[in-house]
Amino acid sequence: MSNAPVVVHRPSISGGRRVSVHSHGRDEILGTAYSDHDLVVFLEAAGIPDPEVVLDDPHWVEWRDGPAHEWSAA
């Protein structure tokens, strides 16, 4: 498990992935993303600079239990 502040959780059966951010010693759920665009919007709202650039940076984003950029359950 990484120490990335943003976690994109496993794809849900109904589609989408929950997104959380670790900040100020606690985890906050930002919402459910259904696309890279949704994820970028969440990260912008959380104050993360250049969110499009950090999506594939493991220091920023951990993609759990599924491939990066995959939004539906197999």
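1. The first point concerns Arg17. A polar atom of the Arg17 side chain lies 2.9 Å from the backbone oxygen of Arg64. The side chain of Arg17 also reaches the backbone oxygen of Glu70, again at 2.9 Å. The model is a predicted one, and these distances are to be read as computed from it. Arg17 itself is found in strand E2.

2. What does Arg17 lack, although it is buried? Arg17 has no salt bridge. The nearest side chain of opposite charge is that of Glu70, and it is 6.3 Å away. A salt bridge needs a side-chain nitrogen within 4 Å of a carboxyl oxygen, so 6.3 Å does not qualify. The contact with Glu70 listed in point 1 is made to the backbone oxygen of that residue.

3. How many salt bridges does the structure hold? It holds one. The partners are Glu62 and Arg64, whose side chains meet at 3.0 Å, N to O. Glu62 is buried, with a relative accessible area of 13%. Arg64 counts as partly exposed, at 24% relative accessibility. Arg64 thus appears twice in this note: its side chain is in the salt bridge, and its backbone oxygen lies 2.9 Å from a polar atom of the Arg17 side chain.

4. Turning to the nonpolar core, the largest one has 15 residues. Val6, Leu39 and Leu43 have the most contacts inside it. The elements that give two or more residues to this core are strand E1 (6-11), strand E2 (17-23), helix H1 (36-45) and strand E4 (61-63). The largest share, four residues, comes from H1. In soluble globular proteins, nonpolar side chains tend to be buried together.

5. Val6 deserves a separate entry. Not counting residues up to four places away in sequence, Val6 touches Val19, Ser20, Val21, Leu43, Ile48, Trp60, Val61 and Glu62. Among these is Leu43, which is also listed with Val6 for the most contacts inside the core. Another is Glu62, the buried residue of the salt bridge with Arg64.

6. Which residues of H1 are buried? They are Leu39, Val40, Phe42 and Leu43. These four are on the same side of H1 because they cover an arc of only 160° around the axis. An α-helix has 3.6 residues a turn, so residues three or four places apart point the same way. The buried residues of H1 pack against E1, E2, E3, helix H2 (51-54) and E4. On the other side of H1, His37 and Ala45 are exposed. Just after H1, Gly47 takes a positive phi of about 85°.

7. Gly31 has its place in strand E3 (residues 26-33). Leaving aside neighbours within four places in sequence, Gly31 is in contact with Arg17, Arg18, Val19 and Phe42. One of these, Arg17, is the buried residue of point 2, and another, Phe42, is among the buried residues of H1. Gly31 and Pro67 are 36 residues apart in sequence, and their C-alpha atoms are 19 Å apart in space.

8. Two residues other than glycine have a positive phi and may be checked by eye. His24, in the loop between E2 and E3, has a phi near 55°. His24 is exposed, with a relative accessible area of 81%. Asp65, in the segment after E4, has a positive phi of about 55° although it is not a glycine. Asp65 is exposed as well, with a relative accessible area of 62%.

Definitions and conventions:
Residues are numbered from 1 along each chain as its sequence is written. This is a predicted model: local features need pLDDT of at least 70, side-chain atom pairs count only at pLDDT 80 or more; totals for chains, interfaces and linings use all residues. Side-chain values use heavy atoms; hydrogens and water are left out. Contact means heavy atoms within 4.5 Å. A nonpolar core is a set of buried Ala, Val, Leu, Ile, Met, Phe, Trp, Tyr and Cys residues joined through side-chain atoms within 4.5 Å. Buried means under 20% relative accessible area, exposed over 50%, partly exposed in between (1.4 Å probe, protein chains only). Lys and Arg count as positive and Asp and Glu as negative; His and the chain ends are not counted. A polar contact is a pair of N or O atoms within 3.5 Å; within protein, one must be able to donate a hydrogen and the other to accept it, and residues adjacent in sequence count only if both atoms are side-chain atoms. The arc is that of the directions from the helix axis to the C-beta atoms.
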